[in-house]
Amino acid sequence: MDRLSLKIPGKPEYIKGTRLFIGSVAANAGFDVEQCEDIKTAVSEACKNISCHGSSGFSEEYEVICLLETDKITVTVTDLSDSHQIEKLNKPCKHCPKEGDLSIFIIRSLVDDIEFGNNENGLKYITMVKRNDSKN
């Protein structure tokens, strides 16, 4: 099993870089194009949910941990900040239904398993599992 991790500033402009990183990891692990797109979109939504939803500011930092196994990829996005102090200048989440429910719905539609909650430090996390159908 390979383990990769990134610590990312909570600013929304870094989500695109995270998306590209995860897409590259998934492609190199043998996921097909459609599966890579599913993984990239799910991780983007998880990053937005963790860094933004339910708070008046963005998280200062969050972590993306990626575990690669022969038949699946597991990605966990965890908030590392107990406060969200980065100012939201344009309030991108102003009209989000129930502060992130839509992102959870999107993630659920794209991955095989999802778990979300608060870790032992009370910080939010989302764990997603995508199985590689082409390796079965």
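## The largest cavity

Nine names to find first in this predicted model: Ile39, Val43, Ile73, Thr74, Val75, Val111, Met128, Val129 and Lys130 line the largest cavity. Helix H2 (33-51), strand S4 (72-79) and strand S7 (124-131) are the elements that each give two or more residues to this lining. By type, the lining divides into seven nonpolar residues, one polar and one charged. Here Ala, Val, Leu, Ile, Met, Phe, Trp, Tyr, Cys and Pro count as nonpolar, Asp, Glu, Lys and Arg as charged, and the others, Gly among them, as polar.

The largest cavity holds about 40 Å³ of space, and a search of the whole structure finds one cavity of 30 Å³ or more. A cavity is a set of points, on a 1 Å grid over the protein atoms alone, where a 1.4 Å probe fits but cannot get out, and lining residues have an atom within 4 Å of a point. Grid points are joined across faces, edges and corners, and the volume is the space filled by probe spheres set on the points.

## How to read the model

Residues are numbered from 1 along each chain as its sequence is written. Local features need pLDDT of at least 70 and side-chain atom pairs count only at pLDDT 80 or more, while totals for chains, interfaces and linings use all residues; side-chain values use heavy atoms, with hydrogens and water left out.

## The overall fold

The protein has three helices and seven strands, and from the N terminus on they run β-α-α-β-β-β-β-α-β-β. Helices (H or I, at least four residues) and strands (E, at least two) are DSSP runs, numbered from the N terminus.

Of the 136 residues, 44% are buried, where buried means under 20% relative accessible area, exposed over 50%, and partly exposed in between (1.4 Å probe, protein chains only). The accessible surface comes to about 7600 Å², and 50% of that belongs to carbon and sulfur atoms; these areas come from the Shrake-Rupley method with a 1.4 Å probe, and for residues only the protein chains shown count as cover. Looking at contacts (heavy atoms within 4.5 Å) between residues at least 6 apart in sequence, 67% join residues at least 24 apart.

## The two sides of helix H3

Follow helix H3 (residues 101-110) next: its buried residues are Ser103, Ile104, Ile107 and Leu110. They sit on the same side of H3 because they cover an arc of only 130° around the axis, the arc being that of the directions from the helix axis to the C-beta atoms. An α-helix has 3.6 residues a turn, so residues three or four places apart point the same way.

On the other side of H3, Phe105, Arg108 and Ser109 are exposed. The cover over the buried residues of H3 includes H2, strand S6 (113-118) and S7. Glu45, which lies in helix H2, counts as buried at 14% relative accessibility. Not counting residues up to four places away in sequence, Glu45 touches Ser103, Ile106 and Ile107.

## Along strand S4

Strand S4 includes Thr78, which is buried with a relative accessible area of 13%. Thr78 and Tyr125 are 47 residues apart along the chain, and their C-alpha atoms are separated by 4.2 Å. Beyond its neighbours within four places in sequence, Thr78 is in contact with Ile50, Tyr62, Glu63, Asn119, Lys124 and Tyr125.

Thr76 is also found in strand S4 and counts as buried at 18% relative accessibility. Leaving aside neighbours within four places in sequence, the contacts of Thr76 are Glu63, Val64, Ile65, Tyr125, Ile126 and Thr127. The C-alpha atoms of Thr76 and Cys66 are separated by 6.6 Å, with these positions 10 residues apart along the chain.

## Cys66 and Phe31

Cys66 lies in strand S3 (residues 61-69) and counts as buried at 0% relative accessibility. Not counting neighbours within four places in sequence, Cys66 is in contact with residues including Asp2, Leu4, Ile22, Val25 and Ile73. Cys66 and Asp2 are 64 residues apart in sequence and 8.1 Å apart in space, C-alpha to C-alpha.

Phe31 has its place in the loop between helix H1 (15-28) and H2, and is buried with a relative accessible area of 6%. Its contacts, neighbours within four places aside, include Ile39, Ile73 and Lys130, which are also among the residues lining the largest cavity. From Phe31 to Asn132 the C-alpha distance is 5.9 Å, although they are 101 residues apart in sequence.

Methods
1 Å grid on protein atoms, 1.4 Å probe; cavity = no way out; pocket = protein on both sides within 12 Å on 5 of 7 lines; lining within 4 Å.
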